[in-house]
Amino acid sequence: MSSKKIVFSGVQPTGNLHLGNYLGALKNFVSLQKEMNCIYCVVDLHAITIFQKPRQLEDNVLETTATFLASGLNPEKSIIFNQSSVSGHAELAWILNCVSRIGWLNRMTQFKDKAGSDKEKASVGLYIYPNLMAADILLYKATHVPVGADQKQHLELSRDIAQKFNKDFNCENFFPLPEPLIHKNISRVMSLRDGTKKMSKSEDSDYSRINLKDSADEIKKKIKKAKSDSEPIPSDIKSLQNKPEALNLLNIYSELTKNSIEKIISEMAGKEYSNLKTKLTEVLINEITPVGKEIQKLLKEKSYLKNILKKGTEKANIIAEENLKNIREKIGLI
Ligand code: AMP
Ligand code: TRP
């Protein structure tokens, strides 16, 4: 078995990338570039499992690409491309639809959340979406997958599918079992309005999230309005157990300043949350607004962005075709 480490991850082009995407996924993508071969994909085929307006989808693919670059991904080091331009993803997804089990998919909590109360009306694509995700990863025989905590269950399914394929076709170690790389401290950034829900693109209120394109003023307003707690900051972390909004603000501050939450609490114990909010606003503005400005700048250079995707597609296709050839052979497809 090859011991080469290959990283794969994907982000859906559904607009409005936010602080959760940035801290939970993108920052990790960037640091992995230094040590491993990385492939980062704008997963447009995943996005259409829920209806997308065609022109808006096109714009969002370019905006997600711009966000990758603005966050620090380097197209000379990493392969950056969009999923639908490498047809191997759809082909392998079909094959894996035949390996994956209905019982496994029935356990996926994200489908239950996204499909809502009327599951009969959800697209079939939304239901089998985790099989496509497994195909994305296995198409490149990726060994490591940086994601936020919400994707852990999908990653476990990818491992089950890889294992079953290797067993069914009698080819031990053919597909490596992909390892999730989930940020230890900040695997789930929560909504600023409800600390029990994750920060999300689809939440109605824009006050629930910090978008990467937000201006300094917007960041200031959102943090000012964010829920915290009426009591002062406690001196021990246990007292924050039932205060998810306060804990979330402290976690974000801890991640951005690279100080442990214990250290922050010990320095700020007894102070009002408005104190923390002032400091948090400042570090957020310093970190996020340069990324937003770079996104806006790159969005004016559409042909440059398209060219990055085109070059990435060419590189991805070579790996995908080589692996697919072996996959077809294992199955007996001639
Ligand atoms: P998505 O925008 O759903 O395609 O997610 C892209 C990446 O961001 C995935 O790795 C997610 O797990 C991660 N992510 C999305 N929302 C959050 C959040 N609130 N906290 C941490 N990671 C997140
Ligand atoms: N499902 C992931 C999300 O919604 C995106 C994704 C698609 C992905 N394919 C992937 C992530 C492969 C990691 C690896 O966030």
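N211 is buried, with a relative accessible area of 5%; buried here means under 20% relative accessible area, exposed means over 50%, and partly exposed is in between (1.4 Å probe, protein chains only). This is a predicted model, in which local features need pLDDT of at least 70 and side-chain atom pairs count only at pLDDT 80 or more, while totals for chains, interfaces and linings use all residues. Residues are numbered from 1 along each chain as its sequence is written, chains are lettered from A and ligands numbered from 1 in the order in which they are written, and side-chain values use heavy atoms, with hydrogens and water left out.

Back to N211, which sits in the loop between β5 (179–182) and α9 (216–225). Helices (H or I, at least four residues) and strands (E, at least two) are DSSP runs, numbered from the N terminus. The N211 side chain makes a polar contact with the side chain of R209, at 3.3 Å. A polar contact is a pair of N or O atoms within 3.5 Å; within protein, one must be able to donate a hydrogen and the other to accept it, and residues adjacent in sequence count only if both atoms are side-chain atoms. Once neighbours within four places in sequence are set aside, N211 is in contact (heavy atoms within 4.5 Å) with N16, L17, H18, D206, K222 and I288.

Now for the overall layout. The domain assignment, which is an automatic or database one, splits the protein into domain 1 (6–186 + 302–331) and domain 2 (206–296). Their centres, taken over C-alpha atoms, are 30 Å apart. The contact takes 16 residues from each of domain 1 and domain 2.

What about the interior? A nonpolar core is a set of buried Ala, Val, Leu, Ile, Met, Phe, Trp, Tyr and Cys residues joined through side-chain atoms within 4.5 Å. The largest one has 57 residues, and F68 and L284 touch the most other members. Helix α12 (residues 273–299) is its top contributor, giving nine residues. The core draws at least three residues from each of domain 1 and domain 2. As for F68, leaving aside neighbours within four places in sequence, its contacts are V11, L26, F29, Y40, C41, V42, L73 and I80. There's also a second, separate core of 42 residues, with L92, M108, L126 and A320 among them. In soluble globular proteins, nonpolar side chains tend to be buried together.

Helix α11 (residues 261–268) is a neat one to look down end-on. I261, I264, I265 and M268 are buried there. Seen down the axis, these buried residues fall within an arc of 100° (taken from the directions from the helix axis to the C-beta atoms), so they line one face of the helix. An α-helix has 3.6 residues a turn, so residues three or four places apart point the same way. On the other side of α11, S266 and E267 are exposed. The buried residues pack against α10 (244–257) and α12. After α11 comes G270, with a positive phi near 90°.

In the loop between α10 and α11 you'll find K258, which has a positive phi of about 60° although it isn't a glycine. K258 is exposed, with a relative accessible area of 59%. N170 is another non-glycine residue with a positive phi, near 55°. N170 belongs to the loop between α8 (152–168) and β5, and is exposed at 72% relative accessible area. Most residues other than glycine have a negative phi, and most peptide bonds are trans.

Finally, the ligands. Ligand 1 is surrounded by 17 residues, the closest being G148, D150, V189, M199 and K201; a residue counts as near if one of its heavy atoms lies within 4 Å. Backbone atoms turn up here: a polar one of Q12 is 2.9 Å from a ligand 1 oxygen, and a backbone N or O atom of G148 is 2.8 Å from an oxygen of ligand 1. A ligand 1 nitrogen is 2.8 Å from a polar backbone atom of V189.

Ligand 2 has 13 residues around it, with Q12, Y129, M133, D136 and Q151 the closest. Here Q12 offers a polar side-chain atom, 3.0 Å from an oxygen atom of ligand 2. A side-chain N or O atom of D136 is 2.7 Å from a ligand 2 nitrogen, and a polar side-chain atom of Q151 lies 3.1 Å from a nitrogen of ligand 2.
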